[in-house]
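Me: Please give a close reading of the salt bridges in this structure, together with their surroundings. A connected account would be preferred to a list.

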Amino acid sequence: MNKYKIIIGLEVHIEPNTKQKMFCRCQQDHFGKIPNSNTCPICLGLPGALPYINKEAIEKIIKLGLALGSKINNFSRFYRKHYFYPDLPKGYQTSQLDSPFCIGGELLGKKINHIHLEEDAGKLVHETIDGEKVSLIDFNRSGSCLIEIVTEPVFNSVIEVIAFLKELQLIARYLDISNADMEKGSMRLEANISLSLDGKLPNYKVELKNINSFKFLEKAINAEIERQSKALNSGEKLIQETRGYDEIKKTTFSQRTKADSHDYRYFPEADLPPVELDNSEIEKIKLKLVELPEVKRKRFAEKYKLSKEYTEILILDIKRANYFEEAFKLSPNLITSIANLMVNKNLDKDFSEPAGLIRKILELTKVDYANSSDVEESISKVLYENPDVIKSFKDGKGQVIGFLIGQIQKKLNGKGDPRIIQQKLLEKLHE
Amino acid sequence: MNLPLTIKETQEGLKSKKFSAVELVDTYLEKIKKYNDEYKIFLTINEEGAYKKAKEIDNSDFTLPLFGVVGSYKDIFLTKGIRTTAGSKILENFIPPYSATIVKKLENAGVISIGKLNCDAFAHGSSGENSDFGTTLNPWNKEYTAGGSSSGSGAALSSGMSLISIGTDTCGSIRLPANYGYLFSLKPTYGAVSRYGVIAMASSLDTVGPLAHTVSDVETVFNVIKGKDYLDATVTEKSINNKNSKFKIGIPKEFFVGGLSKEIEKNIGEVIKIYKNENVEFIDVSLPSTKYGISVYYIIQPAEVSSNLSRFDGIRYGGLRDSFGEEAKRRIMLGSYVLSAGFYDAYYEKAMKVRTIIKNEVDSIFTKVDALIAPVAPTPAFKLGEKTNDPLSMYLTDIYAATANLSGIPAIAIPSGFSDKKLPLGFQLMAPRFGEDILFKLGKIFELATDYKPKVAF
C-alpha cells in the first residue's frame with residue numbers, strides 16, 4: 001500500500017468557550033443541560049427572529065488567527081448556507097464563504113487555508129418511547145459559536161494529523177479560546193482523504209465525518225486509507241463521497257455520494273452587516289496573546305535543559321508551566337527535583353504556591369543548610385561580581401532577585417535555604 | 001359617536017372626557033363586527049386585550065405619546081399570545097411566544113392593539129388576493145383591490161376600523177394600500193425601524209412603516225417605532241437635518257413614460273403645480289438604471305424569499321409544506337434557481353451589481369435635489385381578479401416602488417384626489433437615506449396648500 005502518497009486535508013471545528021451563543025444571548029455552554037432549556041426565538045429560528053453578532057466570538061477567532069500567523073481580514077461577512085435537516089431550524093446555517101475572519105496561516109509547517117466563524121446546529125436524539133421509535137430534537141446547542149479551521153491538503157500521514165490536532169488543541173487552551181476536547185465535542189474533525197500515485201492531487205476526495213476521539217481518529221483514517229489503496233490496487237476508480245466510520249466493524253461506510261451532494265445556495269446574510277475591523281482593533285487583540293506552546297517548548301529546552309518528555313508534560317498546561325518557572329526562580333539548584341516531583345508525582349497539585357513545593361522538596365531531601373556566614377560570604381561575592389544586576393535592581397527591576405538567588409545557590413552548591421538567602425540578600429541590597 | 005380620524009382629535013377627546021378609551025374601542029369593534037365578514041380586513045380581533053388596554057388608558061394620566069390611539073398590525077408582526085398567520089395556512093395556528101419590537105414600542109407608547117390585519121400570504125403580492133384567508137375588499141369600492149400586500153393595513157383605516165396601522169414594504173406594500181385607500185404612509189429608510197419579530201419576506205429589502213390619515217400622525221408613529229433595539233443588527237440611528245426653507249424636487253423622466261395611466265399623469269401634474277405655488281422648485285432628472293429595478297427586484301427578492309421560507313419545513317408550526325400557495329411556491333422555485341450553483345453569477349450576483357448602480361445613481365441625484373416625485377402605481381386600484389392569472393402584470397404594479405427599496409431610501413405616499421370612478425389617487429415622494437424629515441415637511445406643505453381633510457369610505 002505504500003506505493004501511494006497519502007494526501008489529507010482537515011476541517012477542524014472548535015467550540016469556543018464564549019459566554020453566549022453566536023447570534024443570541026443563550027449560554028454557549030450547552031453540555032448536560034435539560035433538552036431545549038437553553039433556547040430563545042433566535043436560536044430556535046422562530047419566524048421574525050434575527051441574528052446579532054457575539055463580539056467575544058470574533059475576538060477569540062482573531063486571537064487564534066494571530067497565533068497561527070493568519071492574515072486578519074479588515075472586512076468580513078457572513079453567508080447563509082442552505083440545507084435541510086431537522087436540527088437546523090432556519091433551513092440554513094449562518095456561516096462564512098469569501099472574506100472569512102482569518103486567511104492563511106501555518107501550524108507545525110502545515111498550511112492553513114482559512115479560519116471562519118459559524119453557528120452550530122441542534123442535536124437529534126433517537127429513542128423508543130412507549131414502544132414507538134421516535135426522533136427528538138434538542139436545540140440547546142443550536143446557534144452556538146463554532147470556529148472552523150480549514151487546512152490545505154498537506155498531510156501525508158496520520159501521525160502528522162494527530163500532531164497537528166494536539167498542537168492546535170494546546171494553542172486553543174493556551175489562548176483560552178476553548179478546551180478543544182474531542183470527547184466532549186468541543187473539537188470535531190472532518191478529514192478529506194485521497195491517495196495519489198504521482199504525488200499530485202487526484203480528482204476525488206473522500207470526506208470522513210464524525211470522528212470524535214483521538215482514539216478513533218487514527219483507526220478511522222487508517223481504515224479509509226486501507227480501503228482506498230485496496231480499491232486502487234484492484235483497478236477500481238474511486239469517487240467523491242462522504243463516509244463515516246463504523247467503530248464496531250472498524251471500516252468506513254458511504255453516507256453520501258457526489259450525485260446527491262448539496263447545492264448550498266450560499267448568499268450573503270443580509271440580516272448581519274459586514275464586520276469591519278481596523279488595524280488598531282486587531283493590535284489590541286494581539287496584546288492579549290500569550291507565549292505560544294512552541295516558543296515555550298524551545299525556551300524550556302534551552303533554559304532548563306530538561307528532557308523532551310519532561311518539557312512536553314510541563315508545557316501541556318500553561319498554569320503548570322508557569323508554576324514550574326516560579327518554583328525554579330526560588331530555587332534554581334532544585335530544578336531536577338522540581339521537575340521530577342511535578343512530572344512523576346504531581347506534587348504541584350498539593351501546594352498551591354510554588355514556595356510550598358520548595359519547602360517540601362527541602363524537607364524530603366533533608367538538606368543541611370549552609371551556615372549563615374557561608375551564605376553571607378556567597379551573597380557578597382555574587383553582588384561583587386554583578387554590579388550591573390544591582391544597578392537594574394535599584395532601577396526597579398525586582399525580578400533580578402531570582403537570578404541573584406540562583407547565583408548564590410550555585411556558590412553554596414544548592415545548600416542555601418532560599419528563604420534565608422532572599423531575606424539576607426534583600427537586606428544587603430537595601431543597605 | 002363619530003370616530004376621530006387623527007391622533008390629536010383622539011387625544012383631545014379623551015382628555016376632555018368627550019369619550020373614553022373603552023367607548024372608542026366599542027365603536028371600532030362595532031364597525032369591525034359589522035363589516036369584517038364581508039371586507040375581510042382583520043384576521044384576528046384582539047377584543048379582550050383591547051378592552052384591557054383601554055381601561056388602563058382611561059385610568060392613566062394621558063402623558064404617553066400615543067395614548068388612546070387604536071392601532072392594528074399587518075399579520076406579519078409577531079404578537080405574543082395572539083395568533084400570527086402571515087396570511088398563510090402554514091401558520092394558521094401559530095401563537096408566537098414573543099412580540100415584534102414595534103408592537104412592544106407602540107404598546108408601551110399607549111397604543112390599544114385592536115387586531116391583526118389581512119395580507120397577501122408572506123407579503124407576496126400587490127392586491128391582497130394571495131391571502132389564504134380571503135381577499136380584502138377596498139372600502140372605497142368593493143369590486144376593486146385594496147392594494148397589497150398590506151391590504152388590511154390600508155382598508156382598516158379607510159373603513160374606520162382603526163386609527164393607525166403598521167405594514168411592511170418590500171416593494172411598495174405600504175405605499176400601494178395607502179395609495180388605494182386615500183391615506184398617508186411612510187416606507188422608512190432601510191435600517192431605521194427594527195425588523196425584529198417581523199416574519200421576513202426579503203431581508204435586504206423589508207421595511208416597517210405606519211399608515212395614517214395625516215402626515216403628522218405618520219410622523220408621530222414613525223418617531224415611536226424607529227431606532228435601535230439591539231436585536232436587529234441592521235438598525236442605525238441617523239437623521240438628516242435639512243434646514244432648507246426652499247425645497248427642490250426632481251422629476252425622474254423614467255417614471256413618467258410607458259404604462260402610466262393618463263389620469264395619474266394629469267393628477268401628478270396638478271400636484272406639481274400646487275407645490276410650485278408654494279415656492280417648491282422642480283427640475284427634470286434622469287435615473288436611467290431604474291428601468292432595470294423590477295427585474296433586479298424579481299431576482300433578489302425571490303432569492304431571499306426562498307431562504308427565509310425554508311424554516312417552514314413542515315416539522316414545526318403545524319402547516320405542512322403543501323400548504324404554501326401558488327405565489328410562494330413560484331418564488332421559492334425562482335429564488336432557489338437564481339442561487340443555485342452555476343446560475344448564481346449570472347443572476348443573483350449580477351442583480352446585486354445592478355442594485356449598486358441604481359443606488360449610486362439615486363445617491364448622486366440627491367446631491368442636486370432634496371426629493372424625487374413619482375407615481376405610486378401605474379394605474380388607480382384595479383378590479384379584483386383582473387391580474388390574478390397574469391403574475392407578470394401583477395409584478396409590474398410595483399414598477400415605481402422598487403427604486404426606494406433597492407436603494408434603501410425613504411418614501412412617503414400622499415393622497416391627492418379621486419379618479420373618475422371615485423377611486424383614490426396619490427403620489428409618492430422619495431428622499432435620501434434618513435431624510436424622513438424632508439418627506440414630512442413636504443407632506444405638510446401639500447396638506448396645507450390643499451386644505452386636506454381625512455376621509456373614510458364609510
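**Salt bridges and their setting**

Reply: In the unreviewed UniProt entry, the annotation "domain: Amidase" covers residues 23-437 of chain B. The model discussed here is predicted. Within it, the span 23-437 of chain B is 34% helix and 16% strand, and its end C-alpha atoms lie 34 Å apart.

Over all chains, a search of the whole structure finds 46 salt bridges. The account below takes up several of them, beginning with chain B.

D232(B) and R195(B) form a salt bridge whose closest N and O atoms are 3.6 Å apart. This pair links distant parts of the chain, the two residues being 37 residues apart. D232(B) is placed in the loop between α7 (215-225) and β9 (248-252) of chain B, while R195(B) is placed in the loop between β7 (184-187) and β8 (207-212) of chain B. D232(B) counts as buried because its relative accessibility is 2%, a value under the 20% limit for that class. R195(B) is likewise classed as buried, because its relative accessible area is 4%. The two residues also belong to a network of salt bridges that links R80(A), E269(A), D271(A), R195(B) and D232(B). Members of this network thus come from chain A as well as from chain B.

A second pair in chain B has another setting. The side chains of E327(B) and R331(B) meet in a salt bridge, at 2.8 Å from N to O. Both residues lie in helix α10 of chain B, 4 residues apart, which is about one turn of the helix. E327(B) and R331(B) are both buried.

Helix α10 (326-339) also bounds the loop that holds I315(B); on the other side, that loop is bounded by α9 (293-308) of chain B. I315(B) counts as partly exposed because its relative accessibility is 38%, a value between the 20% and 50% limits. When its neighbours within four places in sequence are left aside, I315(B) is in contact with F84(A), P86(A) and I137(A). These partners are residues of chain A.

Chain A has salt bridges of its own to consider. The side chains of R243(A) and E241(A) meet in one, at 3.0 Å from N to O. Both R243(A) and E241(A) are buried.

A further example in chain A concerns its domains. Chain A is divided into domain 1, residues 5-286, and domain 2, residues 293-429. The centres of these two domains, taken over C-alpha atoms, are separated by 44 Å. To the contact, domain 1 of chain A gives 4 residues and domain 2 of chain A gives 7 residues. About 570 Å² is buried between the two domains, and carbon and sulfur atoms give 63% of that area. On the side of domain 1 of chain A, E167(A), L170(A) and Y174(A) lose the most area to domain 2 of chain A, together 87% of what that side buries.

Between domain 1 and domain 2 of chain A, the count is 1 salt bridge. The side chains of R297(A) and E167(A) meet in a salt bridge, at 2.9 Å from N to O. E167(A) is thus also one of the residues that lose the most area on the side of domain 1 of chain A. The count of residue pairs in polar contact between the two domains is 2, with both residues at pLDDT 80 or more.

Conventions
Residues numbered from 1 in each chain as written. Chains lettered and ligands numbered in written order. Predicted model: local features only at pLDDT ≥ 70, side-chain atom pairs only at ≥ 80, totals over all residues. Heavy atoms only, no water. UniProt positions renumbered as here; feature names shortened; annotations may be inferred. Buried < 20%, exposed > 50% of the residue type's maximum accessible area, 1.4 Å probe, protein only. Contact = heavy atoms within 4.5 Å. Domains from an automatic or database assignment. Buried area = accessible area lost by both parts, 1.4 Å probe. Salt bridge = Lys/Arg side-chain N within 4 Å of Asp/Glu carboxyl O. Polar contact = N/O pair within 3.5 Å; in protein donor to acceptor, adjacent residues only side chain to side chain.
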